[in-house]
Amino acid sequence: MAASPNNQLSETKTLDSAAQTNGQDSPQPSCESIPPSDPQSTADTNPGEKRKRDDDDPTQNSSPHPLWKTTLCSYFRRQDGSCTHGSTCKYAHGEEELRPRLDNTWDPTSERAKKAMKGENGEKVAAKEEEEQEVMMTEMVMDGEEDGEECGDPQLSKCLVHLPRKWHGDNLRKFLSEQGITFKSAKKKKGMVVGFVSFENAEQLKSAVEELEGKSFCNKNLKVANVIPRPFERKVKSAMAATLNSRQTIDDASIKENAGVSIASNEVQDGATNCDGSALDDSTSKAKCARDAVTPLAHMPYGDQLEHKKNSVMQMLKKLTRNARKACPNGVSLPQWVLQSRERGGLPCEVEGIIESPVVNGYRNKCEFSVGYSQQGKPTVGFMLGNFREGVTAVEEPVDCPNVSKIACRYASIFQEFLQHSSFPIWNRFKNTGFWRQLSVREGRSAGKVADENFEANISEVMLIVQVCSVGLDEAQVTNEFERLAQAFAAGAAANSPPLPLNVFVVQDHQGISNVAPTDAPLRSIPIPKTESSLQPETANYTIEARIHDCISNLRFSISPTAFFQVNTLAAEKLYSLAGEWAGLGPDTLLFDICCGTGTIGLTLAHRVGMVIGIEMNASAVQDAYKNAEINGIKNCRFICSK
């Protein structure tokens with residue numbers, strides 16, 4: 001949202017730069033806004049008090065306002081059932097007082113509205129609830145540390161959902177003991193909302209389920225989900241155990257845990273077997289794919305996606321207006337934009353809609369692929385099927401993800417094939433141990449307008465960034481492994497038809513728990529072996545410098561491994577152009593580009609202003625910004641490395 005020069009609220013535009021990746025929250029049902037109260041305060045009220053409503057008591061008026069008691073009172077709920085307005089409050093004090101609105105809908109925060117939505121979307125709600133029962137794990141949760149066996153009996157194991165994130169295993173065991181639950185073992189990792197419990201016999205399990213299922217706890221109801229182990233590729237485990245020698249100090253337990261994979265879910269493919277060799281039920285549901293997790297709106301036509309996003313934005317804007325109206329203290333006049341919102345159906349401003357992305361397929365110039373195990377226990381490079389805190393660690397290949405380019409998918413496939421024969425372990429999210437963590441593919445495109453169908457033909461440069469954790473490993477072995485991986489990337493790129501561009505290969509060494517590494521994490525440039533059909537540049541210094549280039553608005557930008565750059569290049573052109581129009585730029589304008597990154601916004605608008613000052617705390621990005629200004633011959637820009 002931007003302010004126009006006359007300080008009046010301008011119309012809202014939203015640029016759809018992530019064509020198919022949004023839409024995780026469905027919009028709330030449309031509703032009317034409560035009419036504003038009298039902006040003038042009464043003489044006998046204190047300025048600091050909550051604004052009081054001056055509407056007549058409905059008991060004294062046979063025809064109350066049509067919106068009377070159609071919205072739940074937030075002050076009443078926030079103050080544990082007390083409201084200074086008492087019976088004269090125009091908002092409902094509880095579900096009993098709540099009345100339907102003019103369009104026969106209910107306050108979207110009420111239980112009636114939630115039930116109505118459940119009725120209208122019965123299948124979707126049921127599917128969502130069923131999905132919440134599924135916890136897709138790919139790290140060993142019923143391991144041998146406490147259970148004394150590698151794969152616990154799934155018939156005597158359960159998963160508890162909606163536990164406090166701050167809990168660890170001791171908290172879970174204490175809770176179960178306080179509830180009188182008899183169990184064999186209980187495990188939970190801090191930061192997750194799920195825990196795993198195993199029992200000695202069926203009687204213990206049945207008693208625990210009856211006691212815990214639906215139990216109200218910490219404002220949520222506990223849910224009990226099944227634990228169904230997956231078939232494992234034992235050859236991966238044996239290969240890893242054989243090749244890791246005594247000089248490596250990585251704990252064998254992490255290798256066994258990663259190799260002996262377990263998933264708590266009801267989704268398997270036909271023909272899968274349990275760890276005891278018994279076949280799983282063929283009636284199990286189809287496995288969730290990366291496309292559903294990464295691009296949840298991909299099943300909709302693009303026009304419907306834009307309408308869905310517009311509705312979501314409008315609901316958020318209406319909520320802003322309602323909250324501003326309720327929060328305005330007594331003695332303070334309501335802002336003009338709140339008073340005028342009634343004329344716009346509760347919106348604080350006019351909404352123009354979503355501006356389409358010029359390209360909707362394969363548009364991302366940066367993709368970060370997680371390294372983990374699939375639901376069948378195969379080392380996989382792709383996307384996680386959910387959040388780790390919700391107990392989901394399964395990784396699936398980026399098949400049919402429309403926002404990912406074919407080039408990025410191909411490099412993920414090459415890396416995945418390499419991992420099948422690697423002697424180094426995959427990062428374990430439970431133990432925080434392992435080696436291979438993540439693959440990032442960054443692409444640079446040459447200048448020129450392209451259509452959606454041949455967009456990837458303009459990809460001329462590629463940078464590969466592999467994230468690892470080399471703690472405790474022999475340096476010589478690590479170096480040899482990187483050289484083998486570089487050869488695999490080069491050979492895979494050359495074998496493709498046409499050959500894939502490959503300009504930079506960088507290794508990032510990160511020891512943190514999350515894959516989000518700090519900007520100062522060590523980087524190591526790995527030489528790329530030359531092949532006859534490779535598309536590598538002739539200049540050796542280019543690889544050493546570890547940079548690629550991309551174009552926005554006919555300007556060429558240099559991108560280092562950790563520098564920020566808009567992931568949708570062509571949509572960024574529209575975004576920056578619109579920002580320039582709304583800012584009312586001129587030759588005397590001093591333009592501040594805050595958190596400027598590599599300077600793309602300021603540099604693309606530099607020709608329309610007198611001076612540009614960019615501020616960025618990432619030192620490497622500031623260096624890129626100066627380099628980009630020099631490459632494009634722009635003289636009226638200055639960049640500062642600071643907060």
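Leaving aside its neighbours within four places in sequence, with which residues is Gln467 in contact? In this predicted model, the residues that Gln467 touches are Phe435, Trp436, Arg437, Gln438, Gln508, His510, Asn515 and Ala517. Gln467 belongs to strand S13, which covers residues 459-468. With a relative accessible area of 1%, this glutamine is buried, because the limit for a buried residue is under 20%. Its side chain also has a polar partner, the backbone oxygen of Asn515, at 2.8 Å.

The chain as a whole gives the setting for this residue. The protein chain contains 17 helices and 20 strands. Of its 643 residues, 49% are buried. When contacts between residues at least 6 apart in sequence are considered, 69% of them join residues at least 24 apart.

Two of the residues in contact with Gln467, Phe435 and Trp436, also take part in an aromatic cluster. The members of this one cluster are Tyr411, Phe415, Phe418, Phe424, Phe435, Trp436, Phe482, Phe489 and Phe505. Arg437, another contact of Gln467, lies over the face of Trp427, 3.9 Å from the ring centre. A charged group is likewise placed over an aromatic ring at Tyr91, where the charged end of Lys326 sits 5.3 Å from the centre of the ring.

The aromatic pairs may be taken next. The model has 12 aromatic pairs. One of them joins Trp167 and Phe175, whose ring centres are 5.5 Å apart; the planes meet at 50°, so this pair is tilted. Both Trp167 and Phe175 are buried. Phe415 and Phe489 form another tilted pair, with 6.0 Å from centre to centre and 45° between the planes. This pair links distant parts of the chain, since Phe415 is in helix H12 (residues 406-419) and Phe489 is in helix H13 (residues 475-495), 74 residues apart. Phe415 has a relative accessible area of 0% and is buried. Phe489, at 1% relative accessibility, is buried as well.

The loop that follows helix H12 holds a further buried residue. Ile426 is placed between H12 and strand S12 (436-445), and its relative accessible area of 4% makes it buried. Its C-alpha atom is separated by 9.1 Å from that of Val468, a residue 42 positions away along the chain. After H13, the loop leading to strand S14 (504-509) contains Pro498. The peptide bond from Ser497 to Pro498 is cis, with omega near -5°.

Most peptide bonds are trans, and most residues other than glycine have a negative phi. Against that background, two further loop residues deserve attention. His162 is not a glycine, yet its phi is positive, at about 80°. This histidine lies in the loop between strand S2 (157-161) and helix H5 (169-178), and its 21% relative accessibility makes it partly exposed. Cys595 also has a positive phi, near 55°, in a residue other than glycine. Its place is the loop between strand S18 (590-594) and helix H16 (600-605). With a relative accessible area of 62%, Cys595 is exposed.

Cysteines raise the matter of disulfides. A disulfide is a covalent bond between the sulfur atoms of two cysteines. How many disulfides does the model contain? The count is zero. Cysteines occur in buried places too: Cys469 is buried at 6% relative accessibility, and Cys551 is buried with a relative accessible area of 15%.

The last element to consider is helix H15, which runs over residues 569-583. Its 15 residues reach 21 Å from the first C-alpha to the last, close to the 21 Å expected at 1.5 Å a residue. Within H15, the buried residues include Thr569, Leu570, Ala571 and Ala572 at the start of the list, and also Tyr576, Leu578 and Gly580. Just after the helix comes Gly584, which takes a positive phi of about 65°.

Methods. Residues are numbered from 1 along each chain as its sequence is written. This is a predicted model: local features need pLDDT of at least 70, side-chain atom pairs count only at pLDDT 80 or more; totals for chains, interfaces and linings use all residues. Side-chain values use heavy atoms; hydrogens and water are left out. Rings of Phe, Tyr and Trp (its six-membered ring) pair if their centres lie within 6.5 Å; planes under 30 degrees apart count as stacked, over 60 as edge-to-face and the rest as tilted. Buried means under 20% relative accessible area, exposed over 50%, partly exposed in between (1.4 Å probe, protein chains only). Helices (H or I, at least four residues) and strands (E, at least two) are DSSP runs, numbered from the N terminus. A charge sits over a ring if NZ of Lys or CZ of Arg is within 6 Å of the ring centre and within 35 degrees of the ring normal. A disulfide is a pair of cysteine sulfur atoms within 2.5 Å. A polar contact is a pair of N or O atoms within 3.5 Å; within protein, one must be able to donate a hydrogen and the other to accept it, and residues adjacent in sequence count only if both atoms are side-chain atoms. Contact means heavy atoms within 4.5 Å. The expected span of a helix is 1.5 Å times one less than its number of residues.
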